Amino acid sequence: MSARDKHNRQGRYAAPAGDFEDRLQASGLRMTPHREHVFSVVCRELDHPTAEQVFLKAKESMPDISMATVYNCLEKFVECELLRLVQLDRGATRYCPNMHDHSHYYCESCGDVFDVDFDRRKLRQVLDLPQGAIPMGYEVAVRGLCPSCREEQTEDISPNQSKLQPN
Ligand SMILES: [Zn+2]
Ligand SMILES: [Zn+2]
């Protein structure tokens, strides 16, 4: 992976321009206009979208694309390790184009999902894994409030709190 694969300030995966074509080519997957389009939607336009969100977004500039095609494309991409599945609680499966080690932080209020980097060695040190285990991958999800939802909640709470203040 190139050093261009950087996360933006919000911790979302920002696919650099041109990167997705390289990755598609390197995967050996036969390219079709649909595949190219669906992959670009996941990489560039949305943050950990569900299949339905990918479909709606893909349809905007490719009206003839069907939900079944989108599903097929996504399935192929996961198979070829261009995308990974992200399953958070009871929510619909989401798709993430960031194949580096990372965990997910998701906001329980607005549903936003952020990529969170971690150091594999450090994580291993804090996990009490069975003796002799050889971890091959990590799926770590942390939930809470994103910064903007936290701000909103603080604003909501403040007036109530002041009401509770004795006169
Ligand atoms: Zn991710
Ligand atoms: Zn939020």
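This is a short dialogue on reading the fold, the sheet and the nonpolar core of a predicted model.

Student: How many helices and strands does the protein have, and in which order do the elements run?

Tutor: The model is predicted. The protein has 6 helices and 5 strands. Reading from the N terminus, the order is α-α-α-α-β-β-β-β-α-β-α.

Student: How do strands of a sheet pair?

Tutor: They pair through backbone hydrogen bonds, in either a parallel or an antiparallel sense. In this protein, an open sheet is formed by 3 strands in the order β4-β3-β5, with mixed pairing. The edge strands, β4 (113-117) and β5 (141-144), each pair on one side only. From one strand to the next, the twist averages 25°.

Student: In which sense do β3 and β5 pair, and over how many bridges?

Tutor: Strand β3, residues 102-107, pairs with β5 in the parallel sense over 4 bridges. As for H104, its bridge partner in β5 is A141.

Student: Which elements give residues to the largest nonpolar core?

Tutor: A core residue has to be buried, which means that 20 or more other C-beta atoms lie within 10 Å of its own. Of the 167 residues in the protein, 19% count as buried. The largest nonpolar core has 18 residues. Two or more of its residues come from each of α2 (33-45), α3 (51-61), α4 (67-79) and β2 (94-96). The element that gives the most is α2, with 5 residues.

Student: Which residues have the most contacts inside this core?

Tutor: They are V38, V42, V54, V70 and L74. Leaving aside neighbours within four places in sequence, V70 is in contact with V38, A51, V54, F55, A58 and I65.

Notes
Residues are numbered from 1 along each chain as its sequence is written. Chains are lettered from A and ligands numbered from 1 in the order in which they are written. This is a predicted model: local features need pLDDT of at least 70, side-chain atom pairs count only at pLDDT 80 or more; totals for chains, interfaces and linings use all residues. Two strands pair if DSSP finds at least two bridges between them. Axes are lines fitted to C-alpha atoms, for helices over the stretch in contact, and angles run from 0 to 180 degrees between N-to-C directions. A nonpolar core is a set of buried Ala, Val, Leu, Ile, Met, Phe, Trp, Tyr and Cys residues joined through C-beta atoms within 7 Å. A residue is buried if 20 or more other C-beta atoms lie within 10 Å of its own, exposed if 12 or fewer, and partly exposed in between; C-beta atoms are placed from the backbone. Two residues are in contact if their C-beta atoms, placed from the backbone, lie within 7 Å.
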